[in-house]
Each structure stands twice: as C-alpha cells, then as structure tokens.
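Reader: I'm in my first year and still learning to look at models like this one. Could you pick one small part and walk me through it slowly, with the reasoning spelled out?

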Amino acid sequence: MSVDGEVRQLRTEADEPGWEVDPDDEWGVAVVATVGRQLKLRREAVGMRAGEFGTAVGYGEDLVYKIESGKRIPRPEYLDRADEVLGAGGLLAAMKEDVAKVRYPKKVRDLAQMEAKAVEIGVYECNIIAGLLQTPEHARAVIKAAQPPYSLDDVERMVAARLARQSVFDRDPAPSIHFVLEEAPLRRQVGGTMVWRQQLERLLEVGRLHYVTLQVMPTNTEPHPGLDGRIELLKFPDGTAAGRSDGAFNGRPITDPKQLRILELRYGTIRAQALSSRESLAFIEQLLGDT
C-alpha cells in the first residue's frame, strides 16, 4: 500500500496476537464493544470507509471491522491515531485508560481492585518473590519461564498487569503492608545476575518504607503453616476482610469470618517464625554483598 509516496505494510490480526477479547470477561466485553461502536460512529460521521480509514491509521480493513465490532482490543496507539484522523478532539484517545484495564486478565484486575481498597495487606510467598515486589525485568523472566510458553505479546500484557498492582505503594494515605518471603527464591538468580541484584535492591527499597514490613523465612527453620502455598490477607476500611490461600479452601477467595480466622492464625504463626524486619533487611544486604 502506497501512502504519500511511501510503502506502508498495514497491520493484520497476525501482527497483534493476544489482543482478543476474553468472552468470559463481561465488563471487558462491554468496554471494548462501546469503544468499537464509538470508533465506527466517528468514522461514518466523517464519511470514511473502513478501508480508507484503515489505510490512514496503518491497519488492514478486516482488523478495523473486528475492532469496531468489539471482537478485538484496540492498541493505545490505534486510539491515538484514530482520534487524530477522525478529528475527535481527544475523545477517542481518552478511552485508552479503560481499554488498558481490559488488557489485564480478569482475575488480576479483580485482585488489583481489592488491593487498591485495602487498608492492610499481608502476603506470604513460598516459591517466588511476591508480585507486588517484582521489578519489570524479574516479572518478565518469571512469566517467560512458563510451559507451554506464552506469546511475547501475552508476556508483556501479564507484566503490565503485575506492575499495575504496585500502585498500592503510591496511595496516600498508604496501607499497612507486610510481606514474608522464603529464603530460597531470594537466592535464585532469576533473569541473570544483574536482574537478580536489581530485584534485591528493590526489596531493600520497599522494605525500608515506613508503612512496609518485610520479613524473610530462613530455609534452616522448623516447619510452618505456609509450606503448602501462598497466603494473602486484605482488610478494608469498613472492618471487612478477604483472604486467599493455595493450601486452604481450594485456593478460592474467602470472606467468611471463621475461615479468615484460620488464615490469620496461619499467617500470624508464619510472621512470628520469620526473621524480624531488621534481620531480614540485613540478610538481603548480605546476599548483595556476597556477589
């Protein structure tokens, strides 16, 4: 396709793997359908055919139709270009924020919403460094290690979702956050030495925040209630709470007070058995100094 004397390869569906709409995500389906409808109305209002519009924004006609029919999630740059081409005055570009949320898996989005409301967050991780603490490079290396492997586009989508949850550290007032991490994942050089060192430095940075308590569970210790998996506890301003544990209640989120007391007992025991915050930060500093 020649545009302004230059040859432009229009993007097709094969160029954008991982941007399909999850049919089980009702909210996501509704958002993408609304955005697609607005794009179509704007295009028709200025008298542009789908093929002509596609050429202007660098997309194939079939992909334009799929975006407008709510079957594909538009990229942020697509919305920016559409806004410019259709003279929407920023109205189409303004939809990028909602569309970006649709890119996150529903379960991650739901978790992020709960964490954003919590006044207290407690996390125990036994096999990895908690997602709220991961650097982008560490998160990318962990996600790429999955088998069967994710597409590169899906990897970036999942990394973005994980990092978006870290906005809890920017809240004012900040929630009270406490982590317990096992020693073994701290020693595993995920992503190579440089990425590993950057991850340890990130742990020290977060662990020194006045509203964060970070503890390390030594490998050389007695058995504890967290050996069967991750635990997360969230407490909200109205006095309610929610929790989840890999090793209890089938790993599903719970809000029942009796079940929450069980998780609180387990988490409290884990915290009591781990190194203190000061000892834990000193331990991480020692790991950095040994390399």
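Author: Let's start with Tyr-59. In this predicted model, Tyr-59 has a relative accessibility of 4%, and since anything under 20% counts as buried, Tyr-59 is buried. Where does Tyr-59 sit along the chain? Tyr-59 belongs to the loop between α2 and α3 (61-68).

Now for its partner, Tyr-78. The relative accessible area of Tyr-78 is 1%, so by that cut-off Tyr-78 is buried too.

How do you describe two rings like these? For a pair of aromatic rings, you give the distance of the centres and the angle of the planes. What are those two values for Tyr-59 and Tyr-78? Their ring centres are 4.6 Å apart, and their planes stand at 85 degrees. Centres within 6.5 Å make a pair, and planes over 60 degrees apart make it edge-to-face, so that's what we call this one. The pair also ties together distant parts of the chain: Tyr-59 is in that loop, Tyr-78 is in helix α4, and they're 19 residues apart.

Tyr-78 turns up again in another pair. By the rule we just used, the count comes to 2 aromatic pairs. Phe-53 and Tyr-78 make an edge-to-face pair, with 6.1 Å from centre to centre and 80 degrees between the planes. This pair links distant parts of the chain as well: Phe-53 comes from helix α2 (residues 50-57) and Tyr-78 from helix α4 (residues 76-86), 25 residues apart. Is Phe-53 buried or exposed? Phe-53 is buried, just as Tyr-78 is.

Put the pairs together and you get a cluster: Phe-53, Tyr-59 and Tyr-78, linked by ring pairs. When you follow it on screen, try going from Phe-53 to Tyr-78, then on from Tyr-78 to Tyr-59.

Now zoom out to the whole chain. The protein chain has 12 helices and 7 strands, and its C-alpha trace spans about 70 × 45 × 35 Å along the principal axes. Of its 291 residues, 43% count as buried, and Phe-53 and Tyr-78 are among the buried ones. Links across the sequence show up in the contacts too: among those between residues at least 6 apart in sequence, 72% join residues at least 24 apart.

One last ring, if you'd like another to look at: Arg-202 lies over the face of Phe-169, at 5.7 Å from the ring centre.

Key: Residues numbered from 1 in each chain as written. Predicted model: local features only at pLDDT ≥ 70, side-chain atom pairs only at ≥ 80, totals over all residues. Heavy atoms only, no water. Phe/Tyr/Trp six-rings, centres within 6.5 Å; stacked < 30°, edge-to-face > 60°. Helix = DSSP H or I, 4+ residues; strand = E, 2+ residues; numbered from the N terminus. Buried < 20%, exposed > 50% of the residue type's maximum accessible area, 1.4 Å probe, protein only. Lys NZ or Arg CZ within 6 Å of the ring centre and 35° of its normal. Contact = heavy atoms within 4.5 Å.
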